[in-house]
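Open the model in a viewer and keep the sequence panel visible. The stops below say what to select next and what is there.

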Amino acid sequence: MTISKQELQINEEIRDKEVLLIDVDGTKIGVISAREAQKMAYEKDLDLVKIAPQAKPPVCRILDYGKYCFEQAKKEKEARKNQKVVEIKEIRMFSAIDTHDFNTKVNQAMKFLKNGDKIKVSVRFRKRAIAHPQLGEELLDKFKEACAEAGVVDKPAKMEGRSIVMFMSPKASAK
């Protein structure tokens with residue numbers, strides 16, 4: 001919710017002639033003057049808060065502003081806690097990689113994908129190996145097939161300088 005990000009007008013800051021008033025329990029009182037709404041809020045020992053300034057007439061609510069701010073901060077904190085930050089892990093290989101090394105890289109990639117991270121797989125070319133980019137593409141195809149059960153290709157293999165790069169993300173069921 002973006003309500004807490006913007007500064008809300010409370011009590012005397014509200015300069016509108018008429019407002020649509022909502023009571024503490026959520027019942028709509030109706031369109032009344034701002035001064036009258038202010039009096040009602042003071043009688044209940046609460047605050048008058050403009051929650052929808054862009055509406056015609058603006059919507060105001062009678063509530064405890066301190067408690068409201070606290071609850072909004074609590075909701076935001078909870079939302080941040082439940083967010084998962086997706087990291088991009090990189091796996092580097094050379095065009096002439098041995099079988100066991102390749103299997104180790106695949107196992108590492110599977111672990112990253114099962115943890116919900118995206119991976120960047122790059123095949124570097126040393127010296128004269130750059131003359132045979134098809135070897136790197138074949139290696140990435142083999143890698144893609146090996147990781148097929150845990151991940152899908154986001155961006156297909158693409159040549160970048162002396163390396164070929166491919167991005168993979170976890171499958172929805174792997175999360």
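**Stop 1: the largest pocket**

Select N11, E12, I14, R15, D16, K17, A34, R35, Q38 and L48, the residues that line the largest pocket. The model is a predicted one. The space in this pocket comes to about 200 Å³. Colour the selection by residue class: the lining splits into 5 charged, 3 nonpolar and 2 polar residues. Which helix gives the most to this lining? It is helix α1, residues 34-43, with 3 residues.

Keep E12 selected and hide the rest of the lining. E12 sits in the loop between β1 (9-10) and β2 (18-22). With a relative accessible area of 48%, E12 is partly exposed, because the partly exposed class runs from 20% to 50%. Now add Q38, which is 26 residues from E12 along the chain. The C-alpha atoms of E12 and Q38 are separated by 8.0 Å. Beyond four places in sequence, E12 touches Q38 and Y42.

**Stop 2: helix α1 and the loop after it**

Move to A41, which is in helix α1. Is A41 buried or exposed? A41 has 0% relative accessibility and counts as buried. Show its surroundings: apart from neighbours within four places in sequence, A41 is in contact with L46, D47, L48 and I62. L48 was also part of the pocket selection, as one of the lining residues. For a distance to draw, take the C-alpha atoms of A41 and L63, which are 22 residues apart along the chain and separated by 7.9 Å.

Next, select D45, in the loop between α1 and β4. D45 is not a glycine, yet its phi is positive, at about 60°. The relative accessible area of D45 is 69%, so this residue is exposed.

**Stop 3: a cis peptide bond**

Continue along the chain to K56 and P57 and show the backbone. The peptide bond from K56 to P57 is cis, and its omega is near -15°. P57 belongs to the loop between β4 (47-52) and β5 (59-63).

**Stop 4: strand β7 and the loop after it**

Select V121, in strand β7. V121 is buried, with a relative accessible area of 0%. Which residues does V121 touch, not counting those up to four places away in sequence? They are I91, M93, L140, F143, I164, V165 and M166. Then draw a line from V121 to L20, which is 101 residues away along the chain. The C-alpha atoms of V121 and L20 are separated by 57 Å.

A few steps on is K127, in the loop between β7 (118-124) and α4 (133-146). The phi of K127 is near 45°, a positive value in a residue other than glycine. K127 counts as exposed, at 72% relative accessibility.

**Stop 5: the segment after β9**

Select K171, which lies in the segment after β9 (163-170). K171 is partly exposed, with a relative accessible area of 30%. Leaving out neighbours within four places in sequence, its contacts are A148, E149, A150, G151 and V152. From C-alpha to C-alpha, K171 and E149 are 8.0 Å apart, with their positions 22 residues apart in sequence.

**Stop 6: the whole chain**

Clear the selection and zoom out to the cartoon. The chain has 4 helices and 9 strands. Read from the N terminus, the order of elements is β-β-β-α-β-β-α-β-α-β-α-β-β.

Turn the model to view its principal axes: the C-alpha atoms fill a box of roughly 85 × 25 × 20 Å along them. The radius of gyration of the chain is 29 Å, whereas a compact globule of 175 residues would have one near 16 Å.

Switch on the surface. The chain exposes about 11,800 Å², of which carbon and sulfur atoms supply 50%. Of the 175 residues in the chain, 33% are buried. To finish, display the contacts with a separation of 6 or more: residues 24 or more positions apart account for 57% of them.

Conventions
Residues numbered from 1 in each chain as written. Predicted model: local features only at pLDDT ≥ 70, side-chain atom pairs only at ≥ 80, totals over all residues. Heavy atoms only, no water. 1 Å grid on protein atoms, 1.4 Å probe; cavity = no way out; pocket = protein on both sides within 12 Å on 5 of 7 lines; lining within 4 Å. Points joined across faces, edges and corners; volume = space filled by probe spheres on them. Helix = DSSP H or I, 4+ residues; strand = E, 2+ residues; numbered from the N terminus. Nonpolar A, V, L, I, M, F, W, Y, C, P; charged D, E, K, R; others polar. Rg over C-alpha atoms; globule rule 2.2 N^0.38 Å. Buried < 20%, exposed > 50% of the residue type's maximum accessible area, 1.4 Å probe, protein only. Contact = heavy atoms within 4.5 Å. Areas by Shrake-Rupley, 256 points an atom, 1.4 Å probe, with all protein chains shown as cover.
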